Amino acid sequence: MESVGATDQPRPSPARLTWSGIQDLPTELLITVISLASEMARDNLTHAQRLSTVCSQWRAVVEETPEIWTQITGYDPPEAVNKAMEKSRDMSLDIRYRTKSHYKIQGPKAFLQAVFPHIHRWRRAEIVLTSCTYDELQGLAVGTAPRLESFTLSVSGYYGQPFTLFGGVAPGSLREFHVRRVSLLWGGEQFSNLKKLWIGADRYWPLSLQSVLLILRATLRLEEFTYRGDLSQTFDDGNGTISRGFILLPEMKCLELCSGSPGVLEILKYIRAPACLNVSLNATLGDFVDPKISAQVYGTIIQFLPRITALVEQGNRVQIKAMPQAAHFSISTVAFDLYHPTQTTKVLKWMVENFADETTEMDLTIEDPAFSEENLDLLIPPTLHRRISTLSIGNLWETIHRAGSILQYLSSPKLGSDGQVRWPLPHLREVADLSHSCDLLGILRMLQARAEAIDSPAVVKPLKVSKLLGEQPNQTHNASDTLELHFVRAVPALLSKSQVTPSKPSTATGPESDAVRHISTDTQARLNL
């Protein structure tokens with residue numbers, strides 16, 4: 001028997017329930033959904049117009065919401081860009097056009113003609129062209145950009161006269177500016193509020209040292225400055241002089257200079273940045289064996305980063321890293337890189353000899369795949385008294401092709417030029433092989449040879465290596481798979497058998513424990529004794 005009040009009414013289909021749910025979305029939430037969906041598409045304006053065909057409600061939201069029309073890129077056709085200029089009303093715009101990516105959809109001339117009249121609404125803009133003339137960029141010279149925060153202007157081939165951006169009016173909100181191969185006139189205090197400045201000079205029309213210094217004098221609030229390109233030997237004022245006095249950049253944190261000429265060193269001589277922490281110097285500096293050149297580089301860097309000497313004297317650890325065509329030096333919070341295409345090892349050795357003394361603890365990291373035992377012998381020969389206490393070989397992405405030979409080099413003493421027998425890197429206490437092809441067996445053999453030499457008659461005996469860090473074989477995809485082994489007692493006994501097998505973690509904690517602690521997220525190991 002049916003219950004009283006029961007009614008026979010058809011239940012709505014699942015599709016109808018879903019459709020009703022979409023239609024019932026609040027307008028604010030629907031705007032968010034459509035905006036996010038459009039931003040995920042490269043042709044976001046075209047995608048938004050597709051979404052407007054779902055129903056009349058969606059069409060009304062798309063057509064009447066200015067925020068949906070503020071992302072302007074070259075992936076959308078000209079008609080969509082022109083429509084966005086109207087639909088975005090007075091909203092701030094993000095502009096992006098790259099000739100190589102967008103020219104098949106619309107050419108740069110049509111795109112720039114559509115967006116230049118609205119330059120006063122730009123918030124972020126990136127314009128990367130293969131070639132252009134002044135006439136095509138004239139909109140940048142006449143319009144003002146009071147809302148602009150970040151601007152990139154890059155042209156592979158610019159054919160035109162130098163010009164002043166934004167009619168010489170300062171873009172008060174601009175904090176980040178990247179410009180490459182465009183002849184600009186840098187006047188007055190127009191860019192005084194910049195925090196990040198990246199300049200790429202045309203090799204056929206390089207900036208002069210005087211021009212670069214004038215730019216820096218007008219951007220005293222910079223935190224990051226990068227200059228890439230040659231420096232010409234001409235002087236803009238015709239008298240062959242540069243105004244005296246250092247340029248103080250009190251907020252500068254990072255400086256990168258890349259040039260095919262040694263002129264970039266001159267930039268360092270004329271500026272002072274007491275808060276600078278990172279310097280990257282890529283230049284043709286000549287032969288570092290030449291005392292004049294090495295002394296010039298040393299004097300320039302030590303003037304610009306005077307804290308290096310103080311940090312060494314305070315006993316801070318020094319890190320030296322060999323990278324492909326580059327040498328990295330860091331101590332505490334200060335770091336600098338020197339790039340050299342053919343003399344990386346000589347640059348490294350120059351760093352070691354000039355910026356560290358015999359009492360300084362040093363870490364050496366090898367990330368140059370071509371680094372060999374010959375490079376190591378040149379860098380830290382047994383006769384050079386430097387305290388390399390930590391050695392790291394490779395990383396998860398780079399394998400050192402001669403890693404095995406490097407380990408063999410460290411496994412036996414060497415006869416020095418003074419007739420004395422010494423072990424290479426005698427202060428070595430920690431070894432790490434972080435490459436995906438970690439040679440754990442080779443490391444253990446090296447450690448055993450050095451441990452057995454502790455009681456040998458060698459003049460300079462090696463210290464006992466107490467820490468080994470390596471990447472587990474066949475598990476290179478996860479950084480948490482690294483293992484750390486601490487040798488806490490007699491190394492020769494521990495290394496008499498080199499096989500490592502899984503076991504339960506050791507509970508011994510005292511100095512007499514002969515276990516090898518293996519610190520990892522999922523396994524424990526010890527050496528077979």
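# Notebook: largest pocket, strands β15 and β18, positive phi

**Entry 1. Largest pocket.** I looked up the lining of the largest pocket and found 28 residues, of which Val182, Ser183, Leu184, Trp205 and Leu207 lie nearest its centre. The elements that give two or more residues to this lining are β5 (176-180), β6 (196-200), β7 (207-208) and α9 (209-217). I note that the model is predicted.

Which element gives the most to the lining of the largest pocket? I find that α9 does, with three residues. I then sorted the lining residues of the largest pocket by class: 15 are nonpolar, nine are polar and four are charged. For the volume of the largest pocket I wrote down about 660 Å³.

**Entry 2. Strand β15.** Is strand β15 (residues 326-331) enclosed or open? I checked its burial: six of its six residues are buried, so β15 is largely enclosed by the rest of the structure. The cut-off I applied for buried is under 20% relative accessible area.

I then split β15 by face. Ala326, His328 and Ser330 lie on one side, Ala327, Phe329 and Ile331 lie on the other, and all of these are buried. Both faces of β15 are therefore entered as covered, because the residues on each side fall in the buried class.

**Entry 3. Neighbours of β15.** I looked up the pairing of β15 with strand β14 (residues 318-323) and found six bridges, with the two strands running antiparallel. One pair I noted is Val318 with its bridge partner Ile331 in β15. β14 and β15 form a hairpin that has two residues between the strands.

Next I looked at strand β16 (residues 334-339). Six bridges join β16 to β15, and this pair also runs antiparallel. Which residue of β16 is the bridge partner of His328? I find Asp337. β15 and β16 form a hairpin too, with two residues between them. In that turn, Ser332 has a positive phi of about 55°.

**Entry 4. Positive phi at Gln325 and Arg89.** I looked up Gln325, which lies in the loop between β14 and β15. Its phi is near 65°, a positive value in a residue other than glycine. Is Gln325 buried, partly exposed or exposed? At 47% relative accessibility, Gln325 counts as partly exposed. That value is sorted this way because the partly exposed class lies between under 20% for buried and over 50% for exposed.

I also looked up Arg89, whose place is in the loop between α5 (78-87) and β2 (93-98). Phi of Arg89 is near 55°, again a positive value in a residue other than glycine. I entered Arg89 as partly exposed, at 49% relative accessibility.

**Entry 5. Strand β18.** I turned to strand β18 (residues 387-393) and checked its burial. Six of its seven residues are buried, so β18 is largely enclosed by the rest of the structure.

How many bridges join strand β17 (residues 361-366) to β18? I find six, and the two strands run parallel. Glu361 has Arg387 in β18 as its bridge partner. I followed the chain connection as well: β17, helix α14 (residues 373-379) and β18 make a right-handed β-α-β unit.

I then looked up strand β21 (residues 430-433). Four bridges join β21 to β18, and these strands run parallel. In this pairing, Ser392 stands opposite Ala432 in β21.

Methods. Residues are numbered from 1 along each chain as its sequence is written. This is a predicted model: local features need pLDDT of at least 70, side-chain atom pairs count only at pLDDT 80 or more; totals for chains, interfaces and linings use all residues. Side-chain values use heavy atoms; hydrogens and water are left out. On a 1 Å grid over the protein atoms alone, a cavity is a set of points where a 1.4 Å probe fits but cannot get out, and a pocket is an open set with protein on both sides within 12 Å along at least five of seven lines; lining residues have an atom within 4 Å of a point. Grid points are joined across faces, edges and corners, and a volume is the space filled by probe spheres set on the points. Ala, Val, Leu, Ile, Met, Phe, Trp, Tyr, Cys and Pro count as nonpolar, Asp, Glu, Lys and Arg as charged, and the others, Gly among them, as polar. Buried means under 20% relative accessible area, exposed over 50%, partly exposed in between (1.4 Å probe, protein chains only). Two strands pair if DSSP finds at least two bridges between them. A crossover is right-handed if, with the strands pointing away from the viewer, the path from the first strand over the helix to the second runs clockwise.
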